[in-house]
Amino acid sequence: MTHSTSTSTASTYVPDLGKSTGVTAVSPGPGPRRPVLRRVRDWFAAFVFTIPALALFGMLVLLPMGYAFYVSFFNWGGFGSPTDSVGFDNYTRLFQDPVFLGDLWRGVLLVAFSLVLQLPFALAMAVLLNQRLRGRAVYRMLFFAPYILSEVITGVLFSMIFAPGGGLADKVLGAVGLDGLGGLWFAGQNTVLPTLFLVMTWKYFGFHMMLYLAGLQGIPAELHEAARIDGAGSWQRFRHVTLPLLAPTLRISVFLSVIGAIQLFDLVWVISAGGPDHHSETMVISMFQYGFKRYQMGYASAISVAMFLISLVFALAYQRFVLRRDTEGAITTMRAGR
Amino acid sequence: MVTPLLYALVSGFKSTDQLSSNTFGLPHPWVTSNYTSLLGSGPFWRSVGSSTLIAVATALLTVGASALAAYALARFAFRGREVLFTVFTMGLMFPFAVAILPLFILLRTFGLLDNPWGVILPQAAFGLPMTIVILRGFFREIPGELEEAATLDGCSSFGFFWRILLPLARPALGTVSVLAIVGSWNNFLLPLLVFSEPTWWTVPVGIQQFQGQYASDVARIFAYLVLAMAPALAFYAVAERQLIGGITLGATKG
């Protein structure tokens, strides 16, 4: 096993990568090296303690991931063992598959929607709720409640609200005399994605709002006080005090938003199953369709590998170029592996 | 924001005819049969029981295995420690969906389809990274002197873990348990694939099937939704602090 240079000295103490703690992990021995017996015993104890987690993780996370990679080079229906090796055919097919290319495009659209509309809205609500407001705790709970509900519940609920004709949405529009605006919603090729986005906003903006609220609580009130004394208006204080100090939280929230869009499944599956005519299909839905409905396990695995690579490249690039400043955090500690 | 939820609650008290003729008003008369028939039905309770059992087992397994690993990763100096930790943290980026096809095949090979373990084990495995990251951070902040003192008093490393570390880490354990329970309760893709027989259907799978089955009886689906939401919202009301603490902690750490 290789390890990074900082730990290779086999000293008594492995320095923390994070900034927060300086606690020595093991009581340091008298000399620069601990006795051999102690080292062996520590190693053995650590081994025993890690075994359950490692076994679970290896068997049910790493092994399947590796197998998905392997299967993606085969033409395989999912029964027996894969024998019909097709090399990179499944991957070249990806680039010609209008459904998959469409998935990518819809993914980009959803991310763009989220960044432009959902996150600013969440930020505005968070700033609002961070003031001393009557019933603040109640609002907080209400806005966050949708996030607790499963995506399936949300999906079923909104598929009924946006049911063409008899659903609540159409009835409301009818009641205020806007019958013409009511429509197909999830059933229309051009309306399904915007409507879906509306539901996603309902469900997820509370989560981002919570993150921002936690970030806002970390900004010392003195800073705002000082800015106020210096004559900064509320917009200026927001722009020059709140926003920069909230930047690490915003960067995390953008990251989670993108990863979430890549992995979107439940909500869409329940609402539209990717339809009509693929207009709301996501990568996971395509994978599911090809794998479990059409028994093209090889091709479906290629989709999941592509999905993994997209997440990985995005995560690495994002942490390399954006998150680097925020040293704390698990993904950031991956620099140890570079 | 709450309008859709209230709408569902009130609609559950209407008949489907009322829903289309009287969309906005209060039910007239109030129809309770939608709710009562569900509350008296076996499949509904079975799915609630199945979800609960799976969520609790997932949480126990995730938190148990993670706590042991986080202890080793936080408080022992051994070769390859950071590499090991990196392997786990990389799991944070693996989308569940990526592994679902081979996972399904694996579970089929081991005969774990239509078996609650087929959902519990993978859920626990995918829950490990986040839980380990959170717990490791927490375990590191417990002073080393405490461990020295315990060792001097003749405490083994497991004894220290069990009798001192875990009780001290109770808030963190609560947080990660709540996260694991909520994650399991809301999981859909895995139970959907693993449980082809209704015996073990969890609440999300049950709802989806119910919607398919009673597609025309909209009021009844509303009632089902409300009853399915109730446990989650009640749990949220009780465990709000742990949950939000966990999410903000989990998000910034992951």
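This is a short chat about the contact between chain B and chain A and some salt bridges in a predicted model.

Me: Before we start, what should I know about the model and its numbering?
Reply: It's a predicted model, where local features need pLDDT of at least 70, side-chain atom pairs count only at pLDDT 80 or more, and totals for chains, interfaces and linings use all residues. Residues are numbered from 1 along each chain as its sequence is written, chains are lettered from A and ligands numbered from 1 in the order in which they are written, and side-chain values use heavy atoms, with hydrogens and water left out.

Me: OK, how many residues does each chain put into the contact?
Reply: Chain B puts in 95 residues and chain A 97 residues, where contact means heavy atoms within 4.5 Å.

Me: And what area is buried there?
Reply: About 8500 Å², with carbon and sulfur atoms giving 80% of that. Buried area here is the accessible area (1.4 Å probe) that two parts lose on being put together, summed over both.

Me: How many salt bridges are there between chain B and chain A?
Reply: The count is zero, a salt bridge being a side-chain nitrogen of Lys or Arg within 4 Å of a carboxyl oxygen of Asp or Glu.

Me: How many salt bridges does the structure hold over all chains, then?
Reply: Five. One of them joins the side chains of Glu147(B) and Arg75(B), at 2.9 Å from N to O.

Me: Where do those two sit?
Reply: Glu147(B) lies in helix α8 (residues 144-152) of chain B and Arg75(B) in helix α4 of chain B, so the pair ties together parts that are 72 residues apart in sequence. Helices are DSSP runs (H or I, at least four residues), numbered from the N terminus.

Me: Are they buried or exposed?
Reply: Both Glu147(B) and Arg75(B) are buried, meaning under 20% relative accessible area, with exposed being over 50% and partly exposed in between (1.4 Å probe, protein chains only).

Me: Switching to chain A, what does Glu225(A) pair with?
Reply: Arg228(A), in a salt bridge at 3.7 Å, N to O. They're three residues apart in helix α8 (residues 221-229) of chain A, so about one helical turn separates them. Glu225(A) is partly exposed at 39%, and Arg228(A) is partly exposed at 45%.

Me: Last one: what's around Ser51(B)?
Reply: Leaving aside neighbours within four places in sequence, Ser51(B) is in contact with Trp185(B), Thr202(B), Val203(B) and Pro204(B). Ser51(B) lies in helix α4 (residues 42-75) of chain B and is buried, at 2% relative accessible area.
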